[in-house]
Amino acid sequence: MKYAVDENGYYGNFGGSYIPEMLYPNVEELRVRYLDIINESSFQKEFEYLLKQYVGRPTPLYFAPRLSEKYKSKIYLKREDLCHTGAHKVNNTIGQILLAKELGKQKIIAETGAGQHGVATATVCALMGMECIVYMGEVDIERQRPNVERMKLLGAKVVPATSGSKTLKDATNEAMRHWISHPEDTHYIIGSVVGPHPYPDMVTQFQSVISEEIMKQLEEQEDTQNPDYVIACVGGGSNAAGAFYHYLNNEEVKLVAVEASGKGNATGQSAATTVLGKPGVLHGSKTLLMQTDDGQVVEPYSISAGLDYPGIGPIHAHLFETGRVHFESATDQEAMEAGVELSRLEGIIPAIETAHALAALAKLNLKKSDVVVINLSGRGDKDLDTYIKWGEY
Amino acid sequence: MNRINKLFQEKTKDILSVYYTAGYPNLGDTMTIANHLEEAGADMIEIGIPFSDPVADGPTIQESNTIALNNGMTLKVLFDQLGELRQTNSTPVILMGYVNPILQYGLEAFCKTCQQVGVDGLIIPDLPMAEYLNTYRELFEAYDLRNVFLISPQTSDERITEIDTHTDSFIYMVSSAGTTGAKDIFEEKQLNYFKRINSMDLKNPRLIGFGISNNTTFQQATENAQGAIIGSAFIKTLTDSKDLKLDIHQFVKKIKNN
Ligand SMILES: Cc1ncc(COP(=O)(O)O)c(C=O)c1O
């Protein structure tokens, strides 16, 4: 695979494993064992069983007639919003908790921004009877109350990250510090295709079920496995990596990643890493990173907590650099309008993260014959407060 | 001769290395603290390059990083301040910092400036051995900078041996599974780890760090290694200090109990 990770954990110039020596034994154990474990037939069987009976996969590939009419093309929605817990995040947490069990770990830690990954982690911990601690920035705890309560209801302990800017990147720092202090019994379930190798590849593998299903489902409905476009939003990039994965080597399929540009890239209040970032090292990998000239990580801004991250996964930095994936960005305004539009045209209220992907439709010069698949990464229930405050509907 | 190598040649026990964050408590304190430490009898000085996301550090050092950054500390400012280091100070100096600010400064420019101002070694906690060997080592060696690796209680004997092979200064033993932060006393488990490593017959000396805070922990560490490193406890002293000179002298005296 041209875009696969190499044996040193790099995607081209990006990736690697920049971690303190204290984490080396844990990450090394993962690196040595993850492929063997996830390729075992017993693992595959259990993973597939849970994805089907617990998560509700395969998720539908729904042809959206009114949206198609509006954008004069054939638009399909990959309904990850119909996964148990309401987003694609659970595909990864199911995979990682099975892996953690195989490694003999008893405790789970995770970071979360919007709370979707935290909820998905708390859910699988309840399912497996494992102890769960979720780190969440103090600022995010305030703006995502319902998800905090969901995690608690599921039996997880939610620990506020009070250092730095008190958002997702600081929650990730705290989770790493916790792991440094509890290396033996604990597995860290990272929520996106970020972190030291092998996390980006491992999370990509678990999410790749999305494009695997798209190929089959499109064949049934369009007589071809290949759409003209696949579009997904990018925070760290896990739903995008999953939706792109099986198309990466098929250059005829155009892949579009959509970042959040907040109040506009020129305002500085943005989270569009490929526009504003430079190569750097954060959370264990070399990637594109929003930072000052002095190398201090800059706090991004987006109305969507799930896209509010100063980096992107190293796989996406590579896909950007090679030009394989076309990167777009959508502002708060464009995303909110696209979210309201989908609600009105198709009766589906998307997560605000996902609404950024929808906002790209207007920017792509689509043709009538174009078959477009949008990865509908999550549902909007968690964002009702934000929609209400927005008010323009 | 590199000052770190010279130190270990001349002294084989009770070595005290003290860490503090550049630009803390005030931007202009960096050199003042270095000079007081030398006068007070510290054997080695570690200066932290502040970073927005110091994952290997506990709350005390994190806080000092945040304040130093707010004070305006950057690598450029730090190198300016260190411009006069070797006019007044002959203690070995190590810079401790994370990869990203160094990359943005430019790796070779960073190494070159380190040598110019008289820095002797580097501790980069998120720089893994593989990356060091592939790209960093050549430059560090060209500019006479010693790279210091960390080991922890979880590090395998095999890896410790490998680290020892690639080290030409000392090995930084992290006292227990955890981030930086002060402890009152080490327990049986940690002491056993100190003894285990001590009996490995490594070619490099070892300093024990993370959790050293007083004479008790200093003694416990130096019984099983050539010396110890103190960070968080010293930062706390700086935070509360109204008279840096007096407090730094008293701090070093108390640790060494002399
Ligand atoms: C619904 C939804 N979509 C997308 C994201 C962004 O994450 P990623 O880029 O890893 O898919 C999140 C993160 O919280 C999310 O909740």
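# Notebook: a walk through a two-chain model

I began at Leu384(A), which sits in helix H16 of chain A, residues 384–390. A reminder to myself: this is a predicted model. Leu384(A) counts as partly exposed, because its relative accessibility is 45%. I then looked at its company and found a nonpolar surface patch made of Leu384(A), Ile388(A) and Tyr393(A). Together the three offer about 320 Å² of accessible area.

**Entry: Glu80(A) and its surroundings**

Next I went to Glu80(A), in the loop between strand S4 (74–78) and helix H4 (89–102) of chain A. Is Glu80(A) buried or exposed? I noted it as buried, because its relative accessibility is 0%. I wanted to know what this acidic side chain meets. Its side chain makes a polar contact of 2.7 Å with that of Arg57(A). I also looked up the salt bridges here, and Glu80(A) belongs to a network that links it with Arg57(A), Lys78(A) and Glu213(A).

I listed the contacts of Glu80(A), leaving aside neighbours within four places in sequence. Among them are Thr59(A), Gly86(A), His88(A), Asn91(A) and Ile210(A). Asn375(A), Leu376(A) and Ser377(A) are on the list too. I kept Ser377(A) in mind for the ligand entry.

**Entry: the ligand**

How many residues surround the ligand? I found 18, and the closest are Ser192(A), Gly235(A), Gly237(A), Ser238(A) and Ser377(A). So much for the list; I then checked polar distances one by one.

Ser377(A), already met as a contact of Glu80(A), has a polar side-chain atom 2.7 Å from a nitrogen atom of the ligand. Ser238(A) has a polar side-chain atom 2.7 Å from an oxygen atom of the ligand. For Lys89(A), an N or O atom of the side chain is 3.1 Å from a ligand oxygen. I finished with the area: the ligand taken alone exposes 390 Å², and the protein buries 97% of that.

**Entry: backbone oddities**

I scanned the backbone with the usual pattern in mind. Most peptide bonds are trans, and most residues other than glycine have a negative phi.

Which bonds did I note as cis? The one from Arg57(A) to Pro58(A) is cis, with omega near -5 degrees. Pro58(A) is in the loop between helix H2 (41–55) and strand S3 (61–63) of chain A. I was pleased to meet Arg57(A) again, as it is the polar partner of Glu80(A). The bond from His197(A) to Pro198(A) is also cis, with omega near 15 degrees. I placed Pro198(A) in the loop between strand S8 (186–188) and helix H9 (199–207) of chain A.

Then I looked at phi. Thr85(A) is not a glycine, yet its phi is positive at about 75 degrees. Thr85(A) lies in the loop between S4 and H4 of chain A, and Glu80(A) is in that loop as well. I marked Thr85(A) as buried, because its relative accessibility is 7%.

Over in chain B, Asp14(B) has a positive phi of about 55 degrees and is not a glycine either. Asp14(B) is in the loop between helix H1 (3–10) and strand S1 (15–21) of chain B. At 35% relative accessibility, I put Asp14(B) down as partly exposed.

**Entry: salt bridges**

I searched the whole structure and got 33 salt bridges over all chains. I wrote up three pairs.

Which residue of chain A does Asp53(B) bridge to? Its partner is Lys169(A), at 2.8 Å from N to O. This pair crosses between chains: Asp53(B) is in the loop between strand S2 (44–48) and helix H3 (59–71) of chain B, and Lys169(A) is in helix H8 (residues 168–181) of chain A. I checked the cover on each end. Asp53(B) is buried, with a relative accessible area of 2%, and Lys169(A) is buried at 4% relative accessibility.

My second pair is Lys6(B) with Glu10(B), at 3.7 Å from N to O. They are about one helical turn apart, because four residues separate them in helix H1 of chain B. Lys6(B) is partly exposed at 40% relative accessible area, while Glu10(B) is exposed at 61%.

The last pair is Glu142(A) with Arg145(A), whose closest N and O atoms are 3.5 Å apart. Glu142(A) counts as exposed at 57% relative accessibility, and Arg145(A) counts as partly exposed at 36%.

Technical notes:
Residues are numbered from 1 along each chain as its sequence is written. Chains are lettered from A and ligands numbered from 1 in the order in which they are written. This is a predicted model: local features need pLDDT of at least 70, side-chain atom pairs count only at pLDDT 80 or more; totals for chains, interfaces and linings use all residues. Side-chain values use heavy atoms; hydrogens and water are left out. Patches are made of residues with over 30% relative accessible area and no salt bridge: like charges are joined within 9 Å, nonpolar side chains (Val, Leu, Ile, Met, Phe, Trp, Tyr) within 5 Å. Accessible areas come from the Shrake-Rupley method with a 1.4 Å probe; for residues, only the protein chains shown count as cover. A salt bridge is a side-chain nitrogen of Lys or Arg within 4 Å of a carboxyl oxygen of Asp or Glu. Helices (H or I, at least four residues) and strands (E, at least two) are DSSP runs, numbered from the N terminus. Buried means under 20% relative accessible area, exposed over 50%, partly exposed in between (1.4 Å probe, protein chains only). A polar contact is a pair of N or O atoms within 3.5 Å; within protein, one must be able to donate a hydrogen and the other to accept it, and residues adjacent in sequence count only if both atoms are side-chain atoms. Contact means heavy atoms within 4.5 Å. A residue is near a molecule or strand if one of its heavy atoms lies within 4 Å of it.
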